[in-house]
Amino acid sequence: MATIRLGDKAPDFTAESSEGKINFHDWLGDSWGILFSHPADYTPVCTTELGTVAKYKEEFAKRNVKVVALSVDGVSSHQGWIKDINETQNTTVNFPIIADEDRKVSELYDMIHPNADATLTVRSVYVIGPDKSIKLIITYPASTGRNFDELLRVIDSLQLTAYHKVATPANWQHGEDVVIVPAVSSEDAKDIFPKGFEEVKPYLRMTPQPNLDQ
Ligand code: BEZ
């Protein structure tokens with residue numbers, strides 16, 4: 001059983017999907033990525049989740065994020081189910097669903113948790129950076145549909161750290177002040193953060209969200 005931790009290189013794989021064969025790293029290219037598994041096709045919670053992800057296409061595109069889903073069902077099952085998702089969720093599924101019938105990818109990413117279910121994948125989410133490293137891992141139980149607004153919020157936070165040297169405080173929402181990362185000295189912060197910053201403590205420096213005008 002593979003153990004994947006933050007900072008690890010995302011394991012590469014080639015697999016069939018509802019949109020043809022995918023080589024994961026090639027498919028990601030220079031984008032950020034989300035790989036998420038769901039327990040099975042034709043199940044109610046998954047139907048709402050995949051419909052929601054389809055509706056968030058523009059939000060993911062704005063952030064340069066490509067999304068791919070996975071379950072242990074086959075391509076023809078995925079294709080039939082996609083019709084149901086489109087019909088019931090009033091959307092068009094616009095991302096691939098990996099058909100992991102031999103559980104190769106599920107095992108590579110430790111998505112089967114035998115004490116929860118011996119054969120089906122749990123609701124895993126992996127966020128992958130453009131450098132192909134794992135940035136986020138979340139595991140939900142099968143019975144809880146994911147909060148994709150939270151996923152967008154975390155991606156915003158990850159990108160603020162990657163591109164602007166800031167971290168995000170508890171319960172941060174887009175537009176709120178952020179925290180200057182400890183690696184930046186207060187001397188350097190004067191140049192890096194032209195909007196200024198408040199030094200609440202030497203280790204706690206707050207600044208307006210740097211990329212708000214983008
Ligand atoms: C669902 O996807 O709807 C689901 C799957 C397993 C348990 C409960 C719900």
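This is a short talk on one protein chain and its ligand, looking at the fold, the ligand's surroundings, two helices and two unusual loop residues.

Good morning. Before anything else, please keep in mind that the model is predicted.

I will start with the whole chain. The protein chain has 214 residues, and buried residues make up 47% of them. Its secondary structure comes to seven helices and eleven strands. If you follow the C-alpha trace along its principal axes, the span is about 60 × 40 × 30 Å.

Now to the ligand. Which residues surround the ligand? They are Thr43, Pro44, Val45, Cys46, Arg123 and Ala142. Sorted by class, this shell has four nonpolar residues, one polar and one charged. Helix 2, residues 44–55, supplies the largest share of the shell, with three residues.

Some of these neighbours sit at short polar distances. In Thr43, an N or O atom of the side chain is 3.0 Å from an oxygen atom of the ligand. With Pro44 the backbone is involved instead: one of its N or O atoms lies 3.1 Å from a ligand oxygen. Arg123 again uses its side chain, where an N or O atom is 2.9 Å from an oxygen of the ligand. As for coverage, the ligand on its own has 260 Å² of accessible area, and the protein covers 69% of that.

Please find Tyr42 next. Tyr42 is placed in the loop between strand 3, residues 32–37, and helix 2. Its phi is near 55°, which is a positive value in a residue other than glycine. Is Tyr42 buried, partly exposed or exposed? Its relative accessible area is 46%, so Tyr42 is partly exposed. The cut-off you need here is that exposed means over 50%.

Let us move to helix 4, residues 75–89. This helix has 15 residues, and from its first C-alpha to its last it reaches 20 Å, close to the expected 21 Å. What are the buried residues of helix 4? They are Ser77, His78, Trp81, Ile82, Ile85 and Gln89. These residues cover an arc of only 135° around the axis, and therefore they lie on the same side of helix 4. On the other side of the helix, Ser76, Lys83 and Glu87 are exposed.

Three residues of helix 4 deserve a separate look. I take Val75 to begin with, which is found in helix 4. Its relative accessible area is 25%, so Val75 counts as partly exposed. Gly20 is 55 residues away from Val75 along the chain, yet their C-alpha atoms are separated by 8.8 Å.

Next is Lys83, also in helix 4. Lys83 counts as exposed because its relative accessibility is 61%. Compare its sequence distance to Tyr109 with the distance in space: the two are 26 residues apart along the chain, and their C-alpha atoms are separated by 28 Å.

The third is Gln89, which lies in helix 4 as well. Why does Gln89 count as buried? Its relative accessibility is 16%, and buried means under 20%. The side chain of Gln89 also takes part in a polar contact of 3.0 Å with the side chain of Thr88.

The last stop is helix 6, residues 148–164. Helix 6 has 17 residues, which at 1.5 Å a residue should span 24 Å; the end C-alpha atoms are 23 Å apart, so the two values agree. The buried residues in this helix include Phe148, Leu151, Leu152, Val154, Ile155, Leu158 and Leu160. Residues with polar or charged side chains are on the list too, among them Arg153, Asp156, Ser157 and Gln159.

Look at both ends of helix 6. At the start, a side-chain oxygen of Asn147 reaches to within 3.0 Å of the backbone nitrogen of Asp149. Just after the helix comes Lys165, with a positive phi of about 60°, although Lys165 is not a glycine. Lys165 is found in the loop between helix 6 and strand 8, residues 166–167. With a relative accessible area of 42%, Lys165 is partly exposed.

To close, here are two things to look for on your own screen. One is the side of helix 4 that holds its buried residues, Trp81 and Ile82 among them. The other is the ligand, with Thr43 and Arg123 among the residues around it. That is the end of my talk.

Methods. Residues are numbered from 1 along each chain as its sequence is written. This is a predicted model: local features need pLDDT of at least 70, side-chain atom pairs count only at pLDDT 80 or more; totals for chains, interfaces and linings use all residues. Side-chain values use heavy atoms; hydrogens and water are left out. A residue is near a molecule or strand if one of its heavy atoms lies within 4 Å of it. A polar contact is a pair of N or O atoms within 3.5 Å; within protein, one must be able to donate a hydrogen and the other to accept it, and residues adjacent in sequence count only if both atoms are side-chain atoms. Accessible areas come from the Shrake-Rupley method with a 1.4 Å probe; for residues, only the protein chains shown count as cover. Helices (H or I, at least four residues) and strands (E, at least two) are DSSP runs, numbered from the N terminus. The expected span of a helix is 1.5 Å times one less than its number of residues. Buried means under 20% relative accessible area, exposed over 50%, partly exposed in between (1.4 Å probe, protein chains only). The arc is that of the directions from the helix axis to the C-beta atoms.
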